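Work through the exercises below with the sequence and the model side by side. Each task is followed by a solution that proceeds step by step.

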Amino acid sequence: MTKIRHPLARRAMFRAMLAATMLTASPAFAQSQTPAPIFPVLVDQTPDPLLANLQIPADAAQAGMWSRTASWPIVAIHAAMLPDGRVLTYGAAPGGTAQDGRTLVFWDPRKGLDQSAFQVLPNAQNVDSFCSSATLLSDGRLLVSGGASYSSGFSGRESTIVDWRSSAPTRDYNLTAQRWYATVTKLPDGRALITGGGAPYTAADPNRASVANDVSSTPEVYTPGQGWSSLLGAFSTDAFGANNARWWYPRQWVSPTGSVFGISTDKIWELRTEGQGSIRTLATFKTAPDLTNRVNAGPTSTAVMYDTGKILQVGGGGYFNGYDSLSSNSATIFDINNIGSGNVAITEARPMNAARQWASATVLPDGQVLVTGGTGQGDRFEAGVYTTETWDPNSNSWRMGAATSNYRSYHSTATLLLDGAVLVAGGGVPGPVTNLNADVYYPAYLFTSQGGGSVLAQRPRMVSLSRNSANYGETIDVQLATGDPVREVSLIATASSTHSFNSNQRRMKLAFVPVNGGIRVTLPASANLAPPGYYELAVVNTAGVPSTATIVSIAAAAPPATIVTPAPTPTPAPPPPPPPPPPPPPPPPPPPPAPPPPPSPPSQPAAPVIGQGGAQIGAGARTLDAAADGTLTTVNIYNQLWVSQMGTNWAMLPGQYVDAATIGADRYYGVGTDRQVYRWATGRWRVVGGDAKSVTAASDGTVAVINATFSTVWVKSGDDDTVRWTQAPGVYAKQIALVKRGSLYYVGLDGNVWRSDMVSAPVKVGRNVTAIAASASGTVTAVSVDGSVWRKNADDAVEAWTPLGIRAVSVATPNATRLVYTDTAGGIFAR
C-alpha cells in the first residue's frame, strides 16, 4: 500500500530526488592526529559507528539527513539518557502492541544500531511505567514515577529507581496520589517535584469540571531516601485541574529564581516548594484549543528551554490522541528571567512551516531548536508531517529539513545524543502505526558543502578534561585537538522525554577563556540555572559545528562514567518470573543489622505522670501494639523496636523497622525499613514475608500485613517460619487489627472502619477513623479524625461505639479493661 504523506514531505522528497549525487561519509578534512592528553579525564576518541558509512545526500549541509530505519525491541514511548551516555527506553511490551511499561531497554550508541547494542530487562521489578515521568537524581540514578496500564493493573502510585551502574531497577517509595501522565522535575536542592497526573486512563475531556477526584491537583516532592510528601499549599486546579486537561503532562521548568514555572494548556503559573509549597496563576495563555481553534497550547504541543530562562512552545491544538482537532503552527517565546518580580515576557515567534500536533522539540548544541514528527490533524496517519524544521533564535526563522520515512506522532520520543545527532523513536500503542523501530536524524551542522554535494564537516574535538565533576561557579579546563576557534560552549541537561515533552532538557551557554592547549570553562553560578545532575558539554566552532559532547556532573553525588574505550554490553540477568501476588518471596536475606548504640530507651518515670487518665510509661513512640498478656511493642522515631511488659523493663531488639506487632512475650513480628516481614523467635529474626508496610497479630497466632504496593491485606494463620499468606478478599486498608483468625478490623482507604471474616464481603462498622486496635476479648478501639478515642465492646457487625473521654494518636488494647495509647508528642500512656 502506498503511504500518503503530508505535502511538505512530498516537496522534501522531490528535493532529495533532484539532489542526484549521493556521497559516502568521507570528511572534508584529513583527521588530525589526536595529541597526547594533558589532563587526567580522557574523552572517548573511539570512532562513532553512527557516523560510519553514511550515504550522504547532496543537500545534507542544508537539510540534514536520516539514518536507515533500525528495529527496536519495543515501542519507545519513554526515553532517558543515563550518565554513561546510554539511552534507556520503556513503556511497551517487547515486540507487541500491549500498553505495559514493565520492560526496560538499554541502548548503547557506541555499538551502533545493531541488536548487540541492546540490553533488555523484561518485567523489571514488576513496576508498570507506561505513561510515567522520570528524572535523573543527583547520584545519576533514574527516578521513574507514576504511570500504569490495563496490562498490570497497577495504581499509578509506584516508583522505580534505575541504577545506571548496574542497569538494575529497584522498587522505591510510593506516591501519595495517582500520577498517570504527570511531570517530574529536578529541583535546585536535589529533590524532585511531581505535578499533575491522575488515575490510570482518566479522561482528558477538556469540558470536565476543574475539581475531579481522579485528577491529582496537589504536587508532591521526593526526598531521596525518605520518599514523597504532598505540597498542600500548592494545590491548584488552574495548574493541574481536570478542565482543559491541565493535569496532563504539565510543561514546567526550574526558573532562574529557583521557583518552578509552568504552562498547563491555557494557564501559566509559578510554584514554590519551600515548606508546604505555594502557587500562583500568572496569566491566561491565549485561549483553550477546540476542534477548529488552531492555538499552540494543550498537551499536544511541544516546548523546550532553549536558553537560560527562555522557552519556546510550538504546535499543538488538542488534548489527547483521540481528539481530532486541526493542528497549530504557532510558536511562542516565554522569557521568565524576571519572574521574581512577577513578570513573564510572552512574544510570538515566527510560525512553523507545517502545523503539527504530537511533535517533539529538541534543543541542539548550537542553540537552535529541532522539531520532528507530528500530524496536521489529531493522530491521523494521512495527516502525518515527515519533514523536520529547525528554528534559529538569532534570526527567528525556520528552516525545512530532510523528510523521514516513518510516521512519528503520539507516543514518540526524541533524544539528543552525545555525537550531536538525534534519536527519534516510538509512536503508537495506540495509533495508526506500531513503530518497533527508530531513526537517527543528523542535523545540517554535521555536514559541509563540497563539490556540489555534502560531506561530513570538520568538528572540534575535546581530548581531555581537568575534571568531569565540579560545583557551581567552578571551572573545567578542556584540551582541544583542532585549532579552529571556539564560538561558544554548550551545556545541555540529559534527556527525559515522552508525550511530546522533554521534561529534563535545558540549555545554557557557558563563559570560557583560552588557556594553553584549549579553553577554561566556567560552570553556572547557581543551582537555579542548572539543577544538580548530569549535562552534555560540547564546544561549537565559528562555523557552527559542535564537537561530540562529553557528560559532566554538577554538584552531583557521583561523577559520570569516564569512557576511554567502548564498554561491553552488560550481560543481562536472567529475567525474574512474575512474582505471585504479595506477600513476598523467600529466600530471606540475613536479618537486619543491629543499629549503633541507641539513645536512652523509653522508661517509666520515677513518679507516674498522669495525662488524660493514664500513667506515662514511655516516650518517643511512632507505632504501638499490645498482646493479651500485657506485652507491648513500639517503633520509635529512630526506627528502633522496643518491647516491654506494660512499660517495665524496656528492651530493644536489633534492626530497623517501620511497624511491629506482638503475640505475647518473646513473640514479635516487625516490618523492616526494607519492607520485609520478620518473625522473632529463639533470640533471632527470620524473614517470613515482604513488600509490607504494616503488621498486626492476634493471641491465637494469626498475623496480617498490609501490602506496601497495593494496600491489600494478607493473613498468615500460624505463628511459625513458613511463608504462607492468604489474601483477605475485598480488603484495602490503611490500618489493620486482628481479634482472632476470621475476625479482622481495618481502616479502609475511605477512612471508614470495616470488619472482615476473610470469607465474605467486608461490612462497615464505623467511620472517620485514623487508627484502630483490637483485643482477643473482642473489643475494638479506634481513634477518630479529631483524636477522640472510641471503643466497640462486641466482635460483631454492629456499628455501636462508646467514647472513652481521651484523645490519642494511636492505641493498643491488651484486653477489655486495659488501654495503651500515644499522644501527639509520642508519649506512651496506660490506663
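A residue is called buried when its relative accessible area is under 20%, exposed when that value is over 50%, and partly exposed in between. The coordinates come from a predicted model, and the exercises should be read with that in mind.

**Exercise 1. Salt bridges and accessibility**

Task: For the salt bridge between E488 and R487, state how far apart the closest N and O atoms are, and decide whether E488 is buried or exposed.

Solution. Begin with the distance: the closest N and O atoms of E488 and R487 are 2.9 Å apart, and the cut-off for a salt bridge is 4 Å. Next, take the accessibility of E488, which is 12% in relative terms, so that this residue counts as buried. Finally, turn to its partner R487, which at 39% relative accessibility counts as partly exposed.

Task: Apply the accessibility classes to the salt bridge between R272 and E270.

Solution. The closest N and O atoms of R272 and E270 lie 4.0 Å apart. R272 has a relative accessible area of 29% and is therefore partly exposed, whereas E270, at 6%, falls into the buried class.

**Exercise 2. A pair between two loops**

Task: Explain why the salt bridge of R68 and D114 ties together parts that are apart in sequence.

Solution. First, establish the pair itself: the side chains of R68 and D114 meet in a salt bridge with an N to O distance of 3.8 Å. Then place each residue: R68 sits in the loop between β4 (65-66) and β5 (70-71), while D114 sits in the loop between β8 (104-107) and β9 (118-121), so the pair joins parts that are 46 residues apart in sequence. As a last step, classify the partners: R68 is exposed at 51% relative accessibility, and D114 is partly exposed at 46%.

Task: Put these pairs in the context of the whole structure, and say which residues are linked in a network of salt bridges.

Solution. A search of the whole structure gives 32 salt bridges. A network of such bridges links R667, R679, R686, D719 and D721.

**Exercise 3. Enclosed space**

Task: State how many cavities of 30 Å³ or more there are, and describe the lining of the largest cavity.

Solution. The count is 8 cavities of 30 Å³ or more, and the largest cavity holds about 160 Å³ of space. Its lining consists of 17 residues, with K186, A493, N504, R506 and P531 lying nearest the centre. Strands β14 (180-186), β18 (251-254) and β43 (533-541) each contribute at least two residues to this lining. By class, the lining of the largest cavity comprises 8 nonpolar, 7 polar and 2 charged residues.

Task: Repeat the description for the second largest cavity.

Solution. The volume of the second largest cavity is about 90 Å³. Its lining is made up of 15 residues, and those closest to the centre are S133, S496, S497, T498 and S503. The elements giving two or more residues to the lining of this second largest cavity are β6 (78-81), β10 (133-136), β14 and β39 (496-498). Sorted by class, this lining has 7 nonpolar and 8 polar residues, and no charged residues.

**Exercise 4. The surroundings of one serine**

Task: Locate S360 in its strand, and list its contacts beyond the neighbours within four places in sequence.

Solution. S360 belongs to strand β26, which spans residues 360-363. At 7% relative accessibility, S360 counts as buried. With neighbours within four places in sequence left aside, S360 is in contact with T302, L370, V371, T372, S412, T413, A414 and S500.

Definitions and conventions: Residues numbered from 1 in each chain as written. Predicted model: local features only at pLDDT ≥ 70, side-chain atom pairs only at ≥ 80, totals over all residues. Heavy atoms only, no water. Helix = DSSP H or I, 4+ residues; strand = E, 2+ residues; numbered from the N terminus. Buried < 20%, exposed > 50% of the residue type's maximum accessible area, 1.4 Å probe, protein only. 1 Å grid on protein atoms, 1.4 Å probe; cavity = no way out; pocket = protein on both sides within 12 Å on 5 of 7 lines; lining within 4 Å. Points joined across faces, edges and corners; volume = space filled by probe spheres on them. Nonpolar A, V, L, I, M, F, W, Y, C, P; charged D, E, K, R; others polar. Contact = heavy atoms within 4.5 Å.
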